[in-house]
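Work through the exercises below with the model open. Try each task before reading its solution.

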Amino acid sequence: MSVVNAFKREVAIKVVYYGPGLGGKTSSLQFIHHCLKPESRGQLVSLATGADRTLYFDFLPIKLPKFGGFSVRMQLYTVPGQVHYNSTRKLVLTGSDGVVFVADSQASRFEANLESLENLEENIREQGLLLSEVPLIFQWNKRDMNNTTSVGELESALNHYQAPSFETVATKGVGVMEAMTAITTDVLRDLRRKNLLKRQESSQSVPAVTTETELPEVEVSSPPEPSSLPEPDSTPVVQSFADLVDVVDTLAKRPEAPEAAPPPTRSLSHLVDAPDARLAVIDVETMVDAHDWQGAVRRSGSAFRALSSRLATAFPGTRAAEAAALAALRTGISAERLTRFREVESRALSNGAVSSLDALFSLLFIADFAVRLEELERR
C-alpha cells in the first residue's frame, strides 16, 4: 500500500516488476535509471543471488511532478523469476500499489510466462486481493528476437484483465518508459479513487488523472523536490517510535553545521526485550553518549547482522549480506532506510567521515530493527 506522509506532503508508491527469469525485468529498471536525470532518480540497489543474473530486488525511487499538492516518490522493485525464490517474491510483492508483468516473447518461454503469471495471481490472493483489483501493465518484451510468440497469442494467453500492454525491447529501452508512465498513471488514478490523496489543509479536491499523457515530465525531468524539513517555528509531533525514526531520517539528510552541538541521545534500549538485542542497543547508546560516532555505527552494523541471522532459515542458500538485507525487508524496514544504513556503515568501516546524526540514525535503525524482529517472532 502507498505511504502518504502529510507532514512532508509526499506520497510513496511501490511498483513491482514481475515475470519469468531473465525476461527483462532488470533490464527495464536499468534503462529507466539510465535515462532519468540524476536529480530525478535514486540509487539503483541490486542484491545478486550468485546463481545467475536474477536479482532479489532492485530499488529505484523516482521523484515525479507534484500531484494534488503532494510530491510523488515512486519505488520500483524487481523480483527473482526462478521458482525456488518464491518466498522472496512474496516479500517484495507485499504492499505493492501496481505491477508491471514483463513477459518473455520468445516461443520457448511461453510456458514460463504462464507459470509466472499464475504465481503472481496466487501471491496476490495470499494478500487478500485479486490481480484484477491491482493496477497492472504488461510488457511483451524481447520483440527483437527471432521465433517470438505473436502479440495476439500473448494477449489471449496472459492478459485476461484487458490491461494496457506494450511491445518492448528492454535492452534498448524500446517501450520501457511508456510502460512505466502508464503504470504510474494507473496507480495515481487508483489512489484518487481510494481517496488517499485528499488535501488535509484545503477543501480543494485532488485533480483527476485522466490520460497517460498527464505525466510528460517523467522521462526528461522533474521539479526540485520541496524541502521536507519543517518550518523554523514548526515542531513535528512524534507519537510513536516509527514517527521518531521518520523525523531522524529527515534530520539526517540536512547538512550538519560545524558549530552545532551533538544531538541529545535517547534511551531506546528499554523498548527491546531480548537480552542480546538490548545489550547491543545499550552499547550503541553508550558510544553515542561518548561521541564515538564511528564506533556507534560499526556496533550497529555488527548487531544488525547478528540479529538478522535469526531469520536465516527463511532464506536458504543465500549469502550472509543478502540474508541480512532480506531480513530487514521482511520486518518491514524500507529499502531506502536499509540502503542509507549500509552506506553509513560502509563509511564507518572505511574510516570515512561519520557525523553525530549518522550515529543517531544508526542507533534508531538497530533499535527499530530489534523491535520489529521481536514483533515478527511473536506472530
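Two exercises follow, on a predicted model.

**Exercise 1. Strand 6**

Task: Find how strand 6 (residues 98–104) is placed, which strands it pairs with, and how the chain leaves it for strand 7.

Solution.
1. Start with burial. Buried means under 20% relative accessible area. Seven of the seven residues of strand 6 are buried, so the strand is largely enclosed by the rest of the structure.
2. Sort the side chains. Gly98, Val100, Val102 and Asp104 point one way, while Val99, Phe101 and Ala103 point the other way. In a regular strand the side chains alternate between the two faces of the sheet.
3. Take the pairing with strand 2 (residues 10–18). It is parallel, over four bridges. Phe101 is the bridge partner of Tyr18.
4. Take strand 7 (residues 136–141). It runs parallel to strand 6, and six bridges join the two. Asn141 stands opposite Asp104.
5. Follow the chain. From strand 6 it passes through helix 3 (residues 110–126) to strand 7, a right-handed β-α-β crossover.

**Exercise 2. The cores**

Task: Which residues have the most contacts inside the largest nonpolar core, and which helix gives the most to it?

Solution.
1. Locate the centre of contacts. The core has 38 residues, and Val281, Phe304, Leu307, Ile366 and Phe369 have the most contacts inside it.
2. List the contributors. Helices 7, 8, 9, 10 and 11 each give two or more residues. Helix 11 (356–378) gives the most, with 13 residues.
3. Check Phe304. Leaving aside neighbours within four places in sequence, its contacts include Ala324, Leu338, Phe341, Ile366 and Phe369.
4. Look elsewhere. Another core, of 28 residues, lies apart from this one, and Met74, Leu76, Val100 and Ile137 are among its members.

Conventions. Residues are numbered from 1 along each chain as its sequence is written. This is a predicted model: local features need pLDDT of at least 70, side-chain atom pairs count only at pLDDT 80 or more; totals for chains, interfaces and linings use all residues. Side-chain values use heavy atoms; hydrogens and water are left out. A nonpolar core is a set of buried Ala, Val, Leu, Ile, Met, Phe, Trp, Tyr and Cys residues joined through side-chain atoms within 4.5 Å. Buried means under 20% relative accessible area, exposed over 50%, partly exposed in between (1.4 Å probe, protein chains only). Contact means heavy atoms within 4.5 Å. Two strands pair if DSSP finds at least two bridges between them. A crossover is right-handed if, with the strands pointing away from the viewer, the path from the first strand over the helix to the second runs clockwise.
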